[in-house]
Amino acid sequence: MKFEYPSQLPVSAARSDIAEAVKSSQVVIVSGQTGSGKTTQLPKILLELGRGSHGRQIVHTQPRRLAARTVAERIASEMGVRLGDEVGYQVRFTDESSPKTRLRVVTDGILLAQIQRDPKLMQYDTIVIDERSLNIDFLLGYLTALLPKRRDLKLVITSATIDSVKFQEHFEHALHTKVPVIEVSGRTYPVQVVYEPLGTAPALMRS
């Protein structure tokens, strides 16, 4: 596996801060706009730290089946591994993984179903919650109760829409420890604004 982090992605600049936070804290919140690279680069940081080893995996949630597959394919490609080996994914009716898999990208519904069979989620040493949904809100409530019972389990929460301070205060109160928040800026692009002359038809209508 190769660990390369594109310099154009803002999350790459925060890589050392994220790694240190994960090593020192059970819960880490990574806040950043869409396009900052959180979804594809965070799992690589965790793998490079040695998470997803000793018979356990990193599980990375996505809200939709297509997203889970696409994210897994992208990470596997960037790391130079075959999809289904060290990096795999699981959605309804499809499990593209193997005994070698260290990172498993799943839908939030898959993780909920696994809780029924394995309430302590012993298959995993790290959980990455990516983007919010109704299922994710339930999962976070469940994990709040589980984390004190599994001090070896790491939780990384990342989203472009979460209230970082609210989640930070919630987990600090539940775990009685500091929860770091890493802020990652998004990428911006120049926008050119062009005004049509008054009294003329829109360009699309003239073409």
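Which residue in β8 does G32 stand opposite? In this predicted model, G32 stands opposite V184 in β8. That contact belongs to a wider pairing. Strand β8 covers residues 181-184, and 4 bridges join it to β1. The two strands run parallel.

Strand β1 also pairs with strand β7, which spans residues 154-159. This pairing is again in the parallel sense and extends over 5 bridges. Within it, I29 stands opposite I157 in β7.

The surroundings of β1 were examined next. In a regular strand, side chains alternate between the two faces of the sheet. Both faces of β1 are covered. On one side, V27, I29 and S31 are buried. On the other, V28, V30 and G32 are buried. Buried here means under 20% relative accessible area. Strand β1 runs over residues 27-32, and 6 of its 6 residues are buried, so the strand is largely enclosed by the rest of the structure.

The model also contains pockets. The largest pocket has a volume of about 400 Å³. It is lined by 18 residues, and the closest to its centre are T34, G35, T39, T40 and V71. Two or more lining residues come from each of α3 (38-48) and α4 (65-79). Helix α4 gives the most to this lining, with 4 residues. By residue type, the lining of the largest pocket divides into 4 nonpolar, 8 polar and 6 charged residues.

Terms used:
Residues numbered from 1 in each chain as written. Predicted model: local features only at pLDDT ≥ 70, side-chain atom pairs only at ≥ 80, totals over all residues. Heavy atoms only, no water. Buried < 20%, exposed > 50% of the residue type's maximum accessible area, 1.4 Å probe, protein only. Pairing = 2+ DSSP bridges. 1 Å grid on protein atoms, 1.4 Å probe; cavity = no way out; pocket = protein on both sides within 12 Å on 5 of 7 lines; lining within 4 Å. Points joined across faces, edges and corners; volume = space filled by probe spheres on them. Nonpolar A, V, L, I, M, F, W, Y, C, P; charged D, E, K, R; others polar.
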